[in-house]
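Biologist: I should like to learn how empty spaces in a protein are read from a model. Could the explanation begin with the general idea?

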Amino acid sequence: MSRYTSTGTRPRFKRSLRSLTTGALLAITAISGCASPEHTSNPTLSLADSYSPKHPFGKYGVSVFINTLKEDGIGTEYFPSGQMGNAEDLASLISTDNIDIAPASAAYLEDKFPLSSVGDLPMMTTDACVAADSMMDLLDEDGILYTEEYKDRGLRPLWVSIIPGYEVMTSGTKVEYPADVRGLLLRSSGGAFDVTMKTIGASAVSMPAADTYEAMARNTVDGTAMPFVSVPSYNLEQVSKYSTKGLNLGSVGIPYVISERTWDGLSSQDKNNVTEAAAHAQRSLCAGLNKEKSQAEARMTKDGGVTLVPITGEAKKQWTDELSRAKSDWAASLDSVGLPGSEVLAEFEKAVTTNERNRSNN
């Protein structure tokens with residue numbers, strides 16, 4: 001198992017991550033959960049995710065976070081590419097005190113973070129910085145998402161990796177109007193995307209993004225919901241014939257969170273340094289995603305030969321009607337089980353409007 005390490009002193013004892021599999025880590029939960037936090041200087045934090053260091057999340061986000069911490073004397077042990085488990089495992093490994101920082105994706109953890117999938121809903125914003133800032137508004141200590149879904153689980157959001165502007169990409173079917181997707185099997189990341197798929201009449205097939213290439217190549221699915229910027233990471237231009245352009249089917253927002261136990265074991269100065277490094281990572285990541293979007297689009301058309309289908313005019317109107325209904329369906333489904341779905345949706349839409357205005361004024 002490869003590891004990216006910046007040395008330092010760990011804030012408390014933990015078993016060697018190199019020698020334990022995910023299953024073994026889960027088996028020692030009762031023991032590791034009893035460790036007492038210690039306030040130390042120059043700690044080392046463990047960070048794991050399921051993305052390659054070359055993925056935009058790693059290149060623009062995690063690497064910036066790690067390098068910024070290093071300058072402040074805080075070391076990291078970085079386990080990328082699913083070395084410590086898949087997206088479903090990682091949040092549990094934080095809760096059981098086996099790693100310090102990891103993504104907690106609402107799309108893969110719908111039972112734990114159903115409200116947090118609000119950032120995945122369609123027609124919000126196509127600007128990665130607006131999307132990330134808006135999510136963090138709801139994830140701050142006084143935010144509704146932190147209060148409802150993270151605080152009691154002992155998780156503190158640090159920054160958000162979010163890619164807006166998802167499109168429908170298919171291996172053989174040209175999609176322009178909502179009627180064109182009805183009956184298609186489309187890969188979905190889960191959560192709010194499953195609600196959107198149901199609303200528009202497609203059949204959602206939940207699977208990790210890394211499995212999409214093979215599924216499309218083997219015709220296991222007809223296509224996928226995916227943003228342009230993610231296409232190069234999975235070589236989807238090789239298996240896609242058509243893609244919509246300007247649909248904005250949704251986003252996937254993934255907060256990177258730290259264990260409150262770890263947080264409490266940091267000194268005040270180290271807490272400030274971690275907070276600043278996280279803010280730096282979010283600014284770098286959203287700017288990088290916005291920059292790479294046009295580059296990825298060019299790769300799809302010039303290198304991959306993908307035909308882009310602009311969503312304009314009557315097609316745009318029909319999609320707007322369908323996707324507006326998807327948002328209200330999502331909120332209503334949560335309201336019906338006693339969760340504040342409509343309130344969260346209203347808060348997020350308000351945050352998007354505010355951040356778009358602030359961004360246009362700067």
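Modeller: A pocket is an open set of grid points, where a 1.4 Å probe fits, with protein on both sides within 12 Å along at least five of seven lines. Rolling a probe the size of a water molecule over the atoms shows where empty space is left. Please note that this model is predicted.

Biologist: What volume does the second largest pocket have, and which residues lie nearest its centre?

Modeller: The second largest pocket has a volume of about 330 Å³. Its lining consists of 19 residues, and Met136, Asp140, Pro157, Leu158 and Thr275 are the ones nearest the centre.

Biologist: Which element supplies the largest share of that lining?

Modeller: Helix α11 does, with 6 residues. At least two lining residues each come from α5 (128–139), β5 (155–163) and α11 (268–303). By class, the lining of the second largest pocket has 11 nonpolar, 2 polar and 6 charged residues.

Biologist: How is a single residue read, for example Tyr60: is it buried or exposed?

Modeller: A residue counts as buried when its relative accessible area is under 20%. Tyr60 has 13%, and is therefore buried. Tyr60 belongs to helix α3 (residues 56–71).

Biologist: Which residues does Tyr60 touch, leaving aside those up to four places away in sequence?

Modeller: Tyr60 touches Ala281, Ser284, Leu285, Gly288, Lys291 and Glu292. Although Tyr60 and Leu285 are 225 residues apart along the chain, their C-alpha atoms are separated by 4.5 Å. With Glu292, the side chain of Tyr60 makes a polar contact to the other side chain at 2.7 Å.

Definitions and conventions:
Residues numbered from 1 in each chain as written. Predicted model: local features only at pLDDT ≥ 70, side-chain atom pairs only at ≥ 80, totals over all residues. Heavy atoms only, no water. 1 Å grid on protein atoms, 1.4 Å probe; cavity = no way out; pocket = protein on both sides within 12 Å on 5 of 7 lines; lining within 4 Å. Points joined across faces, edges and corners; volume = space filled by probe spheres on them. Helix = DSSP H or I, 4+ residues; strand = E, 2+ residues; numbered from the N terminus. Nonpolar A, V, L, I, M, F, W, Y, C, P; charged D, E, K, R; others polar. Buried < 20%, exposed > 50% of the residue type's maximum accessible area, 1.4 Å probe, protein only. Contact = heavy atoms within 4.5 Å. Polar contact = N/O pair within 3.5 Å; in protein donor to acceptor, adjacent residues only side chain to side chain.
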